[in-house]
Amino acid sequence: MPGEHARLSASSSARWLACPPSVKLTEGMPEKESEWAAEGTEAHRVAEVKLRNYTNGTEDRVVCEAEIDRYTNDYCGYVVEQFNAAKKADHKAKLFIEERLDYSEWAREGQGTGDAVIIADNTCHIIDLKYGRNISVSAISNPQLRLYALGAISTYSLIYDFDKVKVHIYQPRIGNISTEELTVSELTEWGDTVVKPAADQAYKGEGEFNPGETQCRWCLAKESCRARARKNLKTFVENEGSDKMLTHEELAMLLPRLKEIKSWCEDIEGYALSQMLNGETIEGYKVVESNARRKVIDEPGLCTELVEKGYTMEQISQLKPITQLEKLVGKKDFTILSAGYIDKPKGSPAIAPLNDKRKPYEDITADEAFKDIEANS
Ligand code: SF4
């Protein structure tokens with residue numbers, strides 16, 4: 001559920017369960033609001049209104065983008081389908097929308113929000129809408145959903161009779177539905193033996209740093225964390241053999257680490273860039289403008305100019321890419337001829353060594369950047 005910011009939030013539990021001291025380390029670091037998070041928040045808002053309309057028999061209008069409308073309809077359809085099945089088995093079935101689920105018995109101040117909770121026929125169902133489309137999220141051993149399940153046990157078990165909890169992930173944009181069913185005693189045992197000790201350490205800022213792909217991916221300290229840097233740097237050195245060539249055994253050891261090492265390298269570069277954009281100096285480096293692609297903004301106008309200069313339509317359409325047109329006409333003439341028909345948007349800032357021939361980012365005007373591209377292409 002987007003928008004959870006508690007210290008021991010369910011949405012960040014994969015991180016703090018695996019790496020308890022990350023909680024203290026990231027305290028006070030600004031959250032980065034991604035486009036994905038904003039979309040997810042909007043989809044949850046729309047889904048909530050639709051499900052409340054369903055349960056209250058109201059018709060509150062919900063204005064949203066067509067894509068969100070379609071996918072939240074799919075999600076609401078799934079919730080209603082599950083609720084109808086529950087009602088068939090137990091006419092007293094209940095459906096709760098956006099319920100606070102308090103799992104503080106296992107993790108201090110721990111609370112989350114269940115998108116949809118159904119209680120019926122000895123089973124409590126927790127349905128979680130996931131709006132992302134890049135990663136297929138599994139409900140199996142999913143700590144976020146298990147924490148919601150613990151919250152449901154705390155919140156409802158005194159009022160309702162159930163001894164099983166089934167958690168569902170519904171990810172409409174990639175057609176992913178994943179579920180896990182556990183008994184209440186299996187869940188509370190997980191809460192007592194896994195959650196409680198890690199949560200206590202996390203709350204106090206104790207425990208060992210434990211870098212890993214899953215826990216580091218969303219950590220606010222991922223770019224600057226020394227434990228992660230240390231692990232990635234010594235990945236190979238610690239296991240180095242004496243052969244002059246890498247052995248197949250060494251490749252087998254390295255390959256599973258490459259994804260994490262690549263994303264760590266990108267994080268380091270992004271961190272250095274953000275420091276420099278904030279006015280810090282990193283010796284030997286500067287911020288430059290990355291090369292942006294030129295775009296034809298007036299194709300008929302450019303074609304007319306070229307035809308007037310004697311080029312045939314056949315030549316022009318066969319050579320559509322700008323670099324090829326440039327080769328056909330000649331760099332100098334093309335620059336003059338295409339002025340006003342081609343746009344070169346300002347490139348984004350990038351980090352480069354001091355000897356890079358591009359000027360520092362803040363010194364570049366759009367015209368100069370255009371010239372740079374002309375000269376380089
Ligand atoms: S980057 Fe990884 S190792 Fe470092 S604090 Fe975060 S989760 Fe722990």
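Is Leu246 buried, partly exposed or exposed in this predicted model? With a relative accessible area of 45%, Leu246 is partly exposed, since a residue counts as buried under 20% and as exposed over 50%, with partly exposed in between. The residue is found in the loop between helix 8 (226-237) and helix 9 (248-277), and there it contributes to a nonpolar patch on the surface, whose other members are Leu251, Leu255 and Leu258. Together these four leucines offer about 340 Å² of accessible area.

From this patch the reader can turn to charged side chains, beginning with helix 9. Side chains of opposite charge can pair when their charged atoms come close. Over the whole structure a search finds 16 salt bridges, and several of the residues involved belong to a network in which Lys222, Arg228, Glu260 and Asp267 are linked by such bridges. Within this network, Asp267 meets the side chain of Lys222 in a salt bridge, at 3.7 Å from N to O. Because Lys222 lies in the loop between helix 7 (213-217) and helix 8, whereas Asp267 lies in helix 9, this pair ties together parts that are 45 residues apart in sequence.

The side chain of Asp267 also meets that of Arg228 in a salt bridge, here with 2.8 Å from N to O. Arg228 belongs to helix 8 and Asp267 to helix 9, so this pair ties together parts that are 39 residues apart in sequence. Both partners can be placed by their accessibility: Asp267 counts as buried because its relative accessibility is 12%, and Arg228 likewise counts as buried, at 2% relative accessibility.

Another salt bridge joins Asp128 to Lys130, with the closest N and O atoms 2.8 Å apart. Asp128 and Lys130 are both buried.

The arrangement of helices can be followed through helix 5 (residues 143-156) and helix 6 (residues 184-204), whose axes come within 10 Å and cross at roughly 115°. That angle makes helix 5 roughly perpendicular to helix 6, and the crossing in which helix 5 passes helix 6 is left-handed. Helix 6 also holds Trp190, which counts as buried because its relative accessibility is 14%. A long separation can be traced from this tryptophan, for Trp190 and Lys331 are 68 Å apart in space, C-alpha to C-alpha, and 141 residues apart in sequence.

The backbone deserves a look as well. Most residues other than glycine have a negative phi. Against that background, which phi value does Ser141 have? Ser141 has a positive phi of about 55°, although it is not a glycine. Its place is in the loop between strand 3 (122-129) and helix 5, and at a relative accessible area of 46% Ser141 is partly exposed.

Glu98 is another residue other than glycine with a positive phi, in this case near 50°. Glu98 lies in strand 1 (residues 94-102), and its relative accessibility of 18% is the reason why it counts as buried, the cut-off for that class being under 20%. Measuring from C-alpha to C-alpha, Glu98 and Thr58 are 17 Å apart in space and 40 residues apart in sequence.Helix 4 (residues 66-89) completes this walk with Cys76, which is placed within that helix. At 9% relative accessibility, Cys76 counts as buried. In sequence, Cys76 and Glu48 are 28 residues apart, while in space their C-alpha atoms are 8.8 Å apart.

Key. Residues are numbered from 1 along each chain as its sequence is written. This is a predicted model: local features need pLDDT of at least 70, side-chain atom pairs count only at pLDDT 80 or more; totals for chains, interfaces and linings use all residues. Side-chain values use heavy atoms; hydrogens and water are left out. Patches are made of residues with over 30% relative accessible area and no salt bridge: like charges are joined within 9 Å, nonpolar side chains (Val, Leu, Ile, Met, Phe, Trp, Tyr) within 5 Å. Accessible areas come from the Shrake-Rupley method with a 1.4 Å probe; for residues, only the protein chains shown count as cover. Helices (H or I, at least four residues) and strands (E, at least two) are DSSP runs, numbered from the N terminus. Buried means under 20% relative accessible area, exposed over 50%, partly exposed in between (1.4 Å probe, protein chains only). Axes are lines fitted to C-alpha atoms, for helices over the stretch in contact, and angles run from 0 to 180 degrees between N-to-C directions. Angles under 35 degrees count as roughly parallel, over 145 as roughly antiparallel, 65 to 115 as roughly perpendicular and the rest as oblique. A crossing is left-handed if the near helix is turned anticlockwise from the far one by less than a right angle, and right-handed if clockwise.
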